[in-house]
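Please look through the structure shown below before reading on. The report after it starts with a single helix and then widens to the contact between chains and to a whole chain.

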Protein chains: 2
Amino acid sequence: MADVQVEPSTPAVVLLSGGLDSSTVLAIAQVQGYQVHAISFRYGQRHQVELACANRIAKRANVSRHITVDIDLSQFGGSALTSGLAVPKHASADEIGNDIPITYVPARNTVFLSLALAYAESLGARDIFLGVNALDYSGYPDCRPEYIRAFEIMANLGTKAGVSGQPMRLHTPLIELTKAQIIAWGLKLGVDYSQTSSCYDPLADGQACGRCDACLLRLRGFAQNQLHDPVAYQPPS
Amino acid sequence: MADVQVEPSTPAVVLLSGGLDSSTVLAIAQVQGYQVHAISFRYGQRHQVELACANRIAKRANVSRHITVDIDLSQFGGSALTSGLAVPKHASADEIGNDIPITYVPARNTVFLSLALAYAESLGARDIFLGVNALDYSGYPDCRPEYIRAFEIMANLGTKAGVSGQPMRLHTPLIELTKAQIIAWGLKLGVDYSQTSSCYDPLADGQACGRCDACLLRLRGFAQNQLHDPVAYQPPS
């Protein structure tokens, strides 16, 4: 997949959360030759540290444009990521269950992809990159391949671009990879993972908790590559 | 369809623009017994008069809750409705073409439906009502039945509610009706159309232009019912 090469100046929209997956996807889109327009979301998340990471990553990658869209999902309620509910913690990644956890944000990827679609169509881009991953993940339904395919079908029925014979394409290069494989690929592409933030519940200074689903999956991914995760973690209490 | 009756206290989300169609749909949802949670959008539209209408209509209908979500689609560009581009005017509804006009806002209904979906899932509602109409309309791709069906499939693959066996349902009771039929139905339900605003390019005081697609379709709908549209129109210049 990395050896795909597009025509020069082909624009693409990349959803950039500031985490490990989306930072890797940004590097993949660039190595394929896309001119990247990155989009991030200030959605009421408790972990706004990731937006500072997204800004640094976009700048370092020298993207064509990076916009941060304000959309307050916390006004709807219903998630530990946008409310005062406690984020679940575990001792190891093996403890992460198969049920959808309370960190699930209702329809979040649908909202984010819809806005990415609006942005892409407005700037004449047909390609949207998203770092979802259905293997080492928290069990969210909107990270699965069948959901992504359904969104793409809907997008092509609901846009001028789609019905005009210029289909929009969703690219999810990480969807079938383990976290360890994602990290290995990103390191080959020069991604600086010290600049990323994955934690659902970081301290204000950005230190990761080390015990939420996102931290544990990330830590295991580095360990399986015989590497240390370069981000700062809170010392065990 | 109007004789459907749901269990008491069944919540539903109604997308309420403040126009003729969505005001009719709100009345339909209420007569079917739904407890209505209305959602409107401040999306950078030039015709913010419609938001004042939405507020009045929601209040008069005594809905359970009415929220207005801020989401600035004008930052993406690409539409006469969110920019300084001139809104096309015609002499009569018969002049409205079949091409998608420049009033099309990229992916607008997808963005709005995604947020309605997030709201519905957060409050435990399975039903979403939307006043799209594929007959007397401006040719937007995101008003067609095939698009609506595709959104519903996507929504049920991408939400916790959907994958937990509580499918979300999109209701589009107006989709196959003419504007005249919609008005006739709404009047039977007691909708006060003097409180609605459909114009794409109204004056600041709310007076409708009388010559954009939305005005012409609406005026023809009233005329076909041998009625005068009760809203104020600018005098011909």
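In this predicted model, helix α4 of chain B runs over residues 145-158 and therefore has 14 residues, and the distance from its first C-alpha to its last is 20 Å, which is close to the 20 Å expected at 1.5 Å a residue. Is this helix mostly covered or mostly exposed? Ten of the 14 residues of α4(B) are buried, so that the helix is mostly covered. Among these buried residues are Y147(B), I148(B), F151(B), M154(B) and L157(B), and the list also includes E152(B) and N156(B).

Against what do the buried residues of α4(B) pack? Within chain B their partners are α3 (108-123), α5 (160-163) and β5 (169-171), while from chain A they meet α3 (108-123) and α4 (145-158).

The helix thus leads to the contact between the two chains. Chain B brings 36 residues to this contact, and chain A brings 36 residues as well. On the side of chain B that touches chain A, the elements that give two or more residues are α3, α4 and α5 of chain B, and α3(B) gives the most, with ten residues. The table shows how the residues on that side of chain B divide by kind.

| Kind of residue, side of chain B that touches chain A | Number |
|---|---|
| Nonpolar | 22 residues |
| Polar | ten residues |
| Charged | four residues |

Turning to chain A as a whole, its secondary structure comes to seven helices and five strands, and these follow one another along the sequence in the pattern β-α-β-α-β-α-β-α-α-β-α-α. The radius of gyration of chain A is 17 Å, close to the 18 Å that the globule rule gives for 237 residues, so chain A is as compact as a globular protein of that length. Along its principal axes, the C-alpha trace of chain A spans about 55 × 40 × 30 Å. Buried residues make up 51% of the 237 residues in chain A, and of the contacts in this chain between residues at least 6 apart in sequence, 73% join residues at least 24 apart.

How far the predictor trusts its own result is a separate matter. Chain A has a mean pLDDT of 91, with 97% of its residues at 70 or more, and for the complex the predictor gives an ipTM of 0.92 and a pTM of 0.93. Where pLDDT is low, the predicted coordinates should not be read in detail.

Methods:
Residues numbered from 1 in each chain as written. Chains lettered and ligands numbered in written order. Predicted model: local features only at pLDDT ≥ 70, side-chain atom pairs only at ≥ 80, totals over all residues. Helix = DSSP H or I, 4+ residues; strand = E, 2+ residues; numbered from the N terminus. Rg over C-alpha atoms; globule rule 2.2 N^0.38 Å. Buried ≥ 20, exposed ≤ 12 C-beta atoms within 10 Å, placed from the backbone. Contact = placed C-beta atoms within 7 Å. Expected span 1.5 Å × (residues − 1). pLDDT = per-residue confidence, 0-100. Nonpolar A, V, L, I, M, F, W, Y, C, P; charged D, E, K, R; others polar.
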